[in-house]
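Please open the model in your viewer, and keep the sequence panel beside it. This tour moves from one selection to the next and says what to look for at each stop.

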Amino acid sequence: MIIENIKSVLLFLLFGLSLLLTYQLWYGDMPAQLLQEDVYENLMVEEPRSLENLLMPYFIAVNVEDGFYIFKKGETDYESLWDELSNTLQRISSDTIVEEAMPPEGSRKLLTCYLQPDLPVGKGLPWLEEASYAEIRTIELYSNNDRKWLILAESGNKNTINLLLSPGIAEHFSALLDEVSTEDKKLHARLTADHLPQPSEVDLEVEVPIYVPVEPLFMDELALKPEAIEHDLILKTFFVDFNMARIIEEKDGGLIYTDGEKGLRLTETGLEYSAPQKEVGQVTVTYPEALFNSSSLISYHGGWPENLRLDGFSLSGWGRVAYYNASWCMFHDGFPIFTNQPTTALFNDNGLFYYARFIFFTDNAIMEEGKQKPVTMWYDALAEALDLIKEQNSKRNNPLLLEEISLGYVVPNSPNNYRGVPVWRITISGETFTLTADQLDLLEEEDLI
């Protein structure tokens, strides 16, 4: 009798538990993994940028009688020049342009925009919607009397799109160029093989368009501060419930969060995220779609600070192991702020599998006066880089390819005292040298953030 009573109680409890679980299934809170989309939507840091607000030139070279003036991100005239060019390409239709083979001989080149990444144009895109699809690497503006042409050169081939502008648009460009201020700009020259020093036993060729200052130049040493990352917010963009993640505290104060499938490392200067299980995947989206995806990723995982631009974009790998590689760079007064680990996103059809974010800001309130440093001339910096190559690799191959000579800032690895040090960055045949702009001292990667 007692046993039967116990059985009855157990059956009653099981029946009640069944009712409770059924109610919870239908009316209770949904499991965390099913809430992922809603949680992520509510935590959007900022709206993704449209393509027309995402892509912009790496630099714009304005032609003058004795050389060129270079404009980059962070400068007012750069923004106005690109806005006008971009808006013109968005407004142009077959009814407002006349196609001609080329500007006539004797036409004067007014400026060149060097796109990085390439600018996609054609149907369904903001620019030249009535044209066939193309990816544009450079845009040149030519003038002959009162007529003006835009010459758009495609990436990877010699094809061009040649557009004769209407009189109204041509006049507007003339007025805009007249307003461009060159008062504080330094004259530049474009390097060719004839300009390059040719040390004995070295053949040096120019790989890409390179412009260097030909006048004495001074640069500020900057007081910097790393981006302040709101930990709880950024964690929620990577983990549905980061409270379930294991936390590992590093000796230097860094924190690692992992749920066994993905990991996020937060430090005082930035973050790194990885999801190794997503690395093996294909890429089926188009180049414009992938560009927009990159905008969504950085908008969601931290947002777009002022003077940050998409600096590089490429498709890597092949077959089942392919991915897009997007990178961003901050600029100050037209000079890039280089970090040893750039802000980068790697993604494929499976989604984001690697993300690094290291962003530094200048603070005018703590900029130090009297810290301007003279910049060594470009040919001395190049000679130093060539000497370093000779010391490090006596069996180098000829010819050597000069891929980059640029001025910018780096951040030495000195905790709680972040400074932007002016440097020359020179890349020759895939090897990059970072030299202090004033003394040409070599800075090693391990000494930089």
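A polar contact is a pair of N or O atoms within 3.5 Å, and within protein one of the two must be able to donate a hydrogen and the other to accept it. Keep in mind throughout that this is a predicted model.

**First stop: Arg357**

Select Arg357, which you will find in strand S20, the run of residues 351-357. Is Arg357 buried or exposed? Its relative accessibility is 1%, and because buried means under 20% relative accessible area, Arg357 counts as buried.

Now show the side chain of Glu227 as well, since a polar contact of 2.9 Å joins it to the side chain of Arg357. Add Tyr355, whose side chain makes a polar contact of 3.1 Å with the side chain of Arg357. If you then leave aside residues up to four places away in sequence, the residues that Arg357 touches include Glu227, Thr269, His301, Pro305 and Thr343. Select Ile229 too, and compare the two kinds of distance: Arg357 and Ile229 are 128 residues apart in sequence, while their C-alpha atoms are 9.9 Å apart in space.

**Second stop: the aromatic rings**

A pair of aromatic rings is described by the distance of the centres and the angle of the planes. A search of the whole structure finds 17 aromatic pairs. For one of them, select Phe313 and Tyr324, whose ring centres are 5.1 Å apart and whose planes meet at 25 degrees, so the pair is stacked. This pair links distant parts of the chain, with Phe313 in strand S16 (residues 308-318) and Tyr324 in strand S17 (residues 321-332), eleven residues apart. Phe313 counts as buried at 13% relative accessibility, and Tyr324 is buried as well, with a relative accessible area of 7%.

Next, select Tyr58, Phe59, Phe68, Tyr114, Tyr211 and Phe331 together, and you will see a cluster linked by ring pairs.

**Third stop: charges over rings**

Turn to Phe71, where Lys185 lies over the face of the ring at 4.6 Å from its centre. Then move to Phe338, where the charged end of Arg425 sits over the ring, 3.8 Å from the centre.

**Last stop: helix H4**

Finally, select residues 76-91, which form helix H4 with its 16 residues. From its first C-alpha to its last, H4 reaches 23 Å, close to the 22 Å expected at 1.5 Å a residue. Colour the buried residues of H4, among them Tyr78, Leu81, Trp82, Leu85 and Leu89; Asp77 and Glu84 are buried too.

Note on methods. Residues numbered from 1 in each chain as written. Predicted model: local features only at pLDDT ≥ 70, side-chain atom pairs only at ≥ 80, totals over all residues. Heavy atoms only, no water. Helix = DSSP H or I, 4+ residues; strand = E, 2+ residues; numbered from the N terminus. Buried < 20%, exposed > 50% of the residue type's maximum accessible area, 1.4 Å probe, protein only. Contact = heavy atoms within 4.5 Å. Phe/Tyr/Trp six-rings, centres within 6.5 Å; stacked < 30°, edge-to-face > 60°. Lys NZ or Arg CZ within 6 Å of the ring centre and 35° of its normal. Expected span 1.5 Å × (residues − 1).
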